[in-house]
Amino acid sequence: MGFFVPKCASFSSGSESNSPAAEGLKNLLLQASSQSAEPKPNIKLTKKDLTELFKALGSRWGGWRAWRALQYADKNGDGVINHNEMDQLLIYCKKHGFLPDKD
């Protein structure tokens, strides 16, 4: 009986969704992770945006991953990730291997 070993998403690998919107979301997430001390722009990420993001990052189940990320990061329950909740989204992405863990 074999075991399923999921591969971790990497930013250099090709993915199914290389739309400009998905690339922009990926860049936004990378900028937010590298500039945590600087003020973040007023952004709002919906479930649709998060689905595109996770598909671009290599997730097989982008919709499910977006739903879980919203449950984890959306503290006020409005259904979008705003600039105040971006840190929680970054923690979620690092925890599940979608961002490099730079301590």
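**A walk from the core to the surface**

Let's begin inside this predicted model. The largest nonpolar core has 18 residues, and those that touch the most other members are Leu-45, Leu-50, Phe-54, Ile-81, Met-86, Leu-89 and Cys-93. Helices α2, α3 and α4 (86-95) each supply at least two residues of this core, and α4 gives the most, with five. As background, nonpolar side chains in soluble globular proteins tend to be buried together.

Ile-81 is a good place to pause. Leaving aside residues up to four places away in sequence, Ile-81 touches Ile-43, Lys-44, Leu-45, Leu-50, Ala-69, Leu-70, Ala-73, Asp-74, Met-86 and Leu-89. Several of these names will be familiar from the core: Leu-45, Leu-50, Met-86 and Leu-89 are, like Ile-81, among the members that touch the most others.

Now turn to the aromatic rings. The count comes to three aromatic pairs. One of them joins Phe-54 and Tyr-92 edge-to-face, with 6.2 Å from centre to centre and 80° between the planes. This pair links distant parts of the chain, since Phe-54 sits in helix α2 and Tyr-92 in helix α4, 38 residues apart. How accessible are the two partners? Phe-54 has a relative accessible area of 0%, so Phe-54 is buried. Tyr-92 reaches 3% relative accessibility and therefore counts as buried too, because the limit for that label is under 20%.

Phe-54 has a further ring partner in Phe-98. Their centres are 5.1 Å apart and their planes stand at 70°, so this pair is also edge-to-face. Here again distant parts of the chain are linked: Phe-54 belongs to helix α2, while Phe-98 lies in the segment after α4, 44 residues away. Both Phe-54 and Phe-98 are buried. If you step back to look at the rings together, you will find Phe-54, Tyr-72, Tyr-92 and Phe-98 linked into a cluster by ring pairs.

Finally, let's move out to the surface. Which residues form a nonpolar patch there? They are Trp-61, Trp-64 and Trp-67, which together have about 400 Å² of accessible area. Trp-61 is found in the loop between α2 (47-56) and α3 (62-73). Is Trp-61 buried or exposed? Its relative accessibility is 56%, so Trp-61 counts as exposed, because that label applies over 50%. The tour thus ends with a contrast between two aromatic residues: Phe-54 is buried at 0%, whereas Trp-61 is exposed at 56%.

Key
Residues numbered from 1 in each chain as written. Heavy atoms only, no water. Patch = residues over 30% accessible without salt bridge, like charges linked within 9 Å, V, L, I, M, F, W, Y side chains within 5 Å. Areas by Shrake-Rupley, 256 points an atom, 1.4 Å probe, with all protein chains shown as cover. Salt bridge = Lys/Arg side-chain N within 4 Å of Asp/Glu carboxyl O. Helix = DSSP H or I, 4+ residues; strand = E, 2+ residues; numbered from the N terminus. Buried < 20%, exposed > 50% of the residue type's maximum accessible area, 1.4 Å probe, protein only. Core = buried A, V, L, I, M, F, W, Y, C linked by side-chain atoms within 4.5 Å. Contact = heavy atoms within 4.5 Å. Phe/Tyr/Trp six-rings, centres within 6.5 Å; stacked < 30°, edge-to-face > 60°.
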